[in-house]
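Colleague: Got a minute to go through this model with me? I'd like to hear about the packing.

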Amino acid sequence: MQSAVPELIAGLCPSHAEIEIFNEKEQDIPLDRHWDLVFFSYLHSYYEHTKVLSTLFRQRGMVTVAGGRHAGHFAEDAANYFDAIVTGEPEPNVPALIQDFEKGQLQKRYSLASSGPEAIQPYRYDLLDFKNNRVRLAGIEASRGCPFRCNFCVLTGHERYRYRSIPRVIEEIRTKMTWNKNFFGAMDNVFVFLDNNLGGSPKYLRELCEALIPLKKIWGCALTFNILKDDSLVKLMAQAGCRYIYTGMESLNPESIKAMNKGQNKLSEVDEVIRRTFSHGIVLSFGLIVGSDGDTNEYLEKLPEYLSDLKYFAVTFLGIVCPYPETPFFREVQSEGRLLPGTISRDYDGYTLCHRPKNLHPSEVVEHFTRLCGTLGTLPNILRHYGAWLMRSDMPRYRSTLFFSGPEILSIRNPVKNKERRYIAGMDPLEDWDAQQMKTLGLLPQRLS
């Protein structure tokens, strides 16, 4: 999933604005350029890097703005490094901020209340660049938020579930989207729903799928496991063009699922759900995390065997459970004194252990994580994945989607390619460029423990 926030913000800018977009996952930001106004959206772990960029730009007379979940939760800290902070949703706040900027009356903080899902504007699809990321897909929001209350999720307690009118979503797909023409048209007419949980309302999802059928588009989404248990709904999704679903399985250990308050995941139904979903022509992809309070050495040692028993190898994300500061999980481990010393915002990246689990030593979590990355993200696992599911369905674009899921499996190994990393909070230094710039500029990391 690629960030679509730049295209979202661009769609809220006035028509006379000249806009450039840079995604550092795809290309470096040119530091010798000058812009009047710079919007930064970043993840927690890139706070140090982003405030370096902001400081450099501000020294040269540019005005900088921070937004996103970290900026919203740490607005007072972020205000030291940015000219303005957006703590509310972008739809009401970005236009208000730009109007104030053009009048020379910029405020320090923008927290206007949400205007509702109908205020979501079409993204600037014309600014999508498929050269820098050849597998990038156009994306659209049909809903925001999630009705569940998983204790480790940044949405819990902060964002309620709501959805847009279906006619507006369909019209945007029909008339606004720009398609990726790479790979000889294999990704033409393919898009992704950017929703946190497209299945937050099964009734809405069913009506959306019925409206999508006449468009004959191919799409993917993320949703929770409970939707996959509704065979008629999954079949309808396939008929509507769905060929890819990502779901956060998180763990195959019932005790870990219980510790996460993730009651919608019923592990006894996993095998049947997987087979049924693929049979309908939908490639199913899982995310797993290690280091949960229910995890044990025995479970993590046997995890590859459990996956093998399921005849399923499309785990495309493997991470370490992270107590993000705005979550109930953070408050729990903080109150119990289990945050690791020396933790900074850089460590909240989903690949670094920031707390002491109840049943494992930190070094054991890292050992299991690095071993599993090497075990699961292998070419033999990709070949087993292809062999198990290649002939499972004859739905259009099913096999091409299955093919593209292979490199995702291999990407599990990417986080452990840096052999110098320790993967324990406070033990991995900042990246060299960030550390050098912070020293020169007199900036300090944000410490969270």
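Colleague: Which residues does glutamate 91 touch, not counting residues up to four places away in sequence?

Modeller: Before anything else, this is a predicted model. In it, glutamate 91 touches Leu8, Leu12, Ala119, Ile120 and Arg144, with residues up to four places away in sequence not counted.

Colleague: Is glutamate 91 buried or exposed? And where is it found?

Modeller: Glutamate 91 counts as buried, because its relative accessibility is 9% and the cut-off for buried is under 20%. It is found in helix H5, residues 90-102.

Colleague: How far apart are the C-alpha atoms of glutamate 91 and serine 165?

Modeller: They are separated by 16 Å, and along the chain the two are 74 residues apart.

Colleague: OK, on to helix pairs. At what angle do H6 and H7 cross?

Modeller: Roughly 40°, with the axes of H6 (residues 166-175) and H7 (residues 202-212) coming within 10 Å. The two helices are therefore oblique to each other. The crossing is right-handed.

Colleague: Which residues meet there?

Modeller: From H6 you have Ile166, Val169, Ile170 and Ile173, and they meet Tyr204, Glu207, Leu208, Ala211 and Leu212 in H7. By class, that contact has eight nonpolar residues, no polar ones and one charged.

Colleague: Which residues touch the most other members in the largest nonpolar core?

Modeller: Ile173, Phe193, Leu208, Leu212, Trp219 and Met237, in a core of 106 residues. Ile173, Leu208 and Leu212 also turn up in the contact of H6 with H7.

Colleague: And what does tryptophan 219 touch?

Modeller: Leaving out residues up to four places away in sequence, tryptophan 219 touches Phe191, Phe193, Leu198, Cys209, Leu212, Met237, Ala240, Gly241, Cys242, Arg243 and Tyr244. Apart from the 106-residue core there lies another one, of 22 residues, with Trp35, Phe40, Tyr42 and Tyr47 among them.

Colleague: Where does valine 273 lie, and how far is it from tryptophan 219?

Modeller: Valine 273 lies in helix H11, residues 270-279. From C-alpha to C-alpha, valine 273 and tryptophan 219 are 20 Å apart in space, and they are 54 residues apart in sequence. Valine 273 counts as buried because its relative accessibility is 2%.

Colleague: What is valine 273 in contact with, leaving aside neighbours within four places in sequence?

Modeller: Phe225, Leu228 and Lys229. Leucine 228 lies in helix H8, residues 225-228, and counts as buried at 0% relative accessibility.

Colleague: What else is leucine 228 in contact with?

Modeller: With the same neighbours-within-four-places rule, leucine 228 is in contact with Leu223, Val234, Ile245, Thr247, Val273, Arg276, Thr277 and Leu284. As for isoleucine 257, its C-alpha atom and that of leucine 228 are separated by 17 Å, and the two residues are 29 apart along the chain.

Colleague: Back to helices. How do H12 and H14 pack?

Modeller: H12 (residues 297-309) and H14 (residues 362-376) pack at an angle of about 10°, with axes 10 Å apart. That makes H12 roughly parallel to H14. On the H12 side the contact is made by Asn297, Leu300, Glu301, Leu303, Pro304 and Leu307, and on the H14 side by Glu364, His368, Arg371, Leu372, Thr375 and Leu376.

Colleague: How many of those residues are nonpolar, polar and charged?

Modeller: Six nonpolar, three polar and three charged.

Colleague: And how do H15 and H16 cross?

Modeller: At roughly 160°, with the axes of H15 (residues 379-389) and H16 (residues 398-410) coming within 9 Å. That makes H15 roughly antiparallel to H16. The crossing is right-handed. Leu379, Ile382, His385, Tyr386 and Trp389 in H15 meet a set in H16 that includes Tyr398, Leu402, Phe403 and Pro407. The residues of this contact divide into ten nonpolar, three polar and no charged.

Colleague: What about the loop between H15 and H16, which residue there has a positive phi?

Modeller: Arginine 397 lies in that loop, and its phi is positive, about 70°, although it is not a glycine. Arginine 397 is partly exposed, with a relative accessible area of 29%.

Colleague: Where is phenylalanine 183 found, and what is its phi?

Modeller: Phenylalanine 183 is found in the loop between H6 and strand E8 (190-193). Its phi is positive too, about 55°, and it is not a glycine. Phenylalanine 183 is partly exposed, at a relative accessible area of 32%. Most residues other than glycine have a negative phi.

How values were computed
Residues are numbered from 1 along each chain as its sequence is written. This is a predicted model: local features need pLDDT of at least 70, side-chain atom pairs count only at pLDDT 80 or more; totals for chains, interfaces and linings use all residues. Side-chain values use heavy atoms; hydrogens and water are left out. Axes are lines fitted to C-alpha atoms, for helices over the stretch in contact, and angles run from 0 to 180 degrees between N-to-C directions. Helices (H or I, at least four residues) and strands (E, at least two) are DSSP runs, numbered from the N terminus. Angles under 35 degrees count as roughly parallel, over 145 as roughly antiparallel, 65 to 115 as roughly perpendicular and the rest as oblique. A crossing is left-handed if the near helix is turned anticlockwise from the far one by less than a right angle, and right-handed if clockwise. Contact means heavy atoms within 4.5 Å. Ala, Val, Leu, Ile, Met, Phe, Trp, Tyr, Cys and Pro count as nonpolar, Asp, Glu, Lys and Arg as charged, and the others, Gly among them, as polar. A nonpolar core is a set of buried Ala, Val, Leu, Ile, Met, Phe, Trp, Tyr and Cys residues joined through side-chain atoms within 4.5 Å. Buried means under 20% relative accessible area, exposed over 50%, partly exposed in between (1.4 Å probe, protein chains only).
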